[in-house]
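Look over the sequence and the fold before reading on. The report below starts with contacts, then turns to overall form, cysteines and one residue of a helix.

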Amino acid sequence: MKEKKIPMRRCIGCMQSREKQQLIRIAGYEGVLTVDVSGRAKGRGVYLCRDNPDCWQQAQKRRALERSFHMPVTEQMKEEIFMRLEELAHGK
């Protein structure tokens with residue numbers, strides 16, 4: 001039987017490739033950024049490690065969201081994204 005291929009993605013914080021299941025997708029569509037839990041939202045997507053706040057801080061420090069989405073990301077947008085990531089990490 002043929003082996004099923006495991007999708008790999010790269011975290012924009014730590015820049016390590018991991019299985020897609022271990023990462024969380026942030027989708028950007030029409031100037032709005034959202035945390036995409038389903039992994040199927042419209043728009044361009046970037047990935048961050050699911051439960052590693054260090055990766056989130058590195059992504060903020062490197063301005064990875066702005067660079068990946070080719071648009072300015074306001075502090076309010078960043079706060080909302082990282083607050084939602086924190087909620088997901090703690091199972092809320």
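What share of the contacts in the chain with a separation of 6 or more comes from residues 24 or more positions apart?

## Contacts and model

The share is 49%. Contacts with a separation of 6 or more form the base of that figure. The model is predicted.

## Order of elements

The chain has five strands and three helices. Read from the N terminus, the order is β-β-β-β-β-α-α-α. The strands thus precede the helices in that order.

## Size and surface

The chain has 92 residues and a radius of gyration of 13 Å. A compact globule with 92 residues would have a value near 12 Å, so the chain agrees with that expectation. Along the principal axes, the C-alpha atoms fill a box of roughly 50 × 30 × 25 Å.

Of the 92 residues, 33% count as buried. The exposed surface of the chain is about 6700 Å². Carbon and sulfur atoms supply 49% of that surface.

## Charge

Positive side chains number 19 and negative ones 12. The centres of the two sets lie 8 Å apart.

## Cysteines

How many disulfides does the structure hold? The count is zero. Cysteine 11 is in no disulfide, and its nearest cysteine sulfur belongs to cysteine 49, 3.7 Å away. Cysteine 49 is likewise in no disulfide. The nearest cysteine sulfur to cysteine 49 is that of cysteine 55, at 3.5 Å. A disulfide needs the two sulfur atoms within 2.5 Å, so neither the 3.7 Å distance nor the 3.5 Å distance qualifies.

Are these cysteines buried or exposed? Cysteine 11 is buried, with a relative accessible area of 0%. Cysteine 49 has 5% relative accessibility and counts as buried too. The cut-off for buried is under 20%, so both values meet it.

## Leucine 85

Where does leucine 85 sit? Its place is in helix H3, which covers residues 75–89. Leucine 85 has a relative accessible area of 1%, so it counts as buried under the 20% cut-off.

Which residues does leucine 85 touch, leaving out those up to four places away in sequence? They are Ile24, Ile26, Val35, Leu48 and Trp56.

Glutamate 66 gives a further reference point for leucine 85. The two residues are 19 residues apart in sequence. In space, C-alpha to C-alpha, leucine 85 and glutamate 66 are 17 Å apart.

Terms used. Residues are numbered from 1 along each chain as its sequence is written. This is a predicted model: local features need pLDDT of at least 70, side-chain atom pairs count only at pLDDT 80 or more; totals for chains, interfaces and linings use all residues. Side-chain values use heavy atoms; hydrogens and water are left out. Buried means under 20% relative accessible area, exposed over 50%, partly exposed in between (1.4 Å probe, protein chains only). Helices (H or I, at least four residues) and strands (E, at least two) are DSSP runs, numbered from the N terminus. The radius of gyration is taken over C-alpha atoms; the globule rule is 2.2 Å times the number of residues to the power 0.38. Contact means heavy atoms within 4.5 Å. Accessible areas come from the Shrake-Rupley method with a 1.4 Å probe; for residues, only the protein chains shown count as cover. Lys and Arg count as positive and Asp and Glu as negative; His and the chain ends are not counted. The place of a charge is taken as NZ of Lys, CZ of Arg, CG of Asp or CD of Glu.
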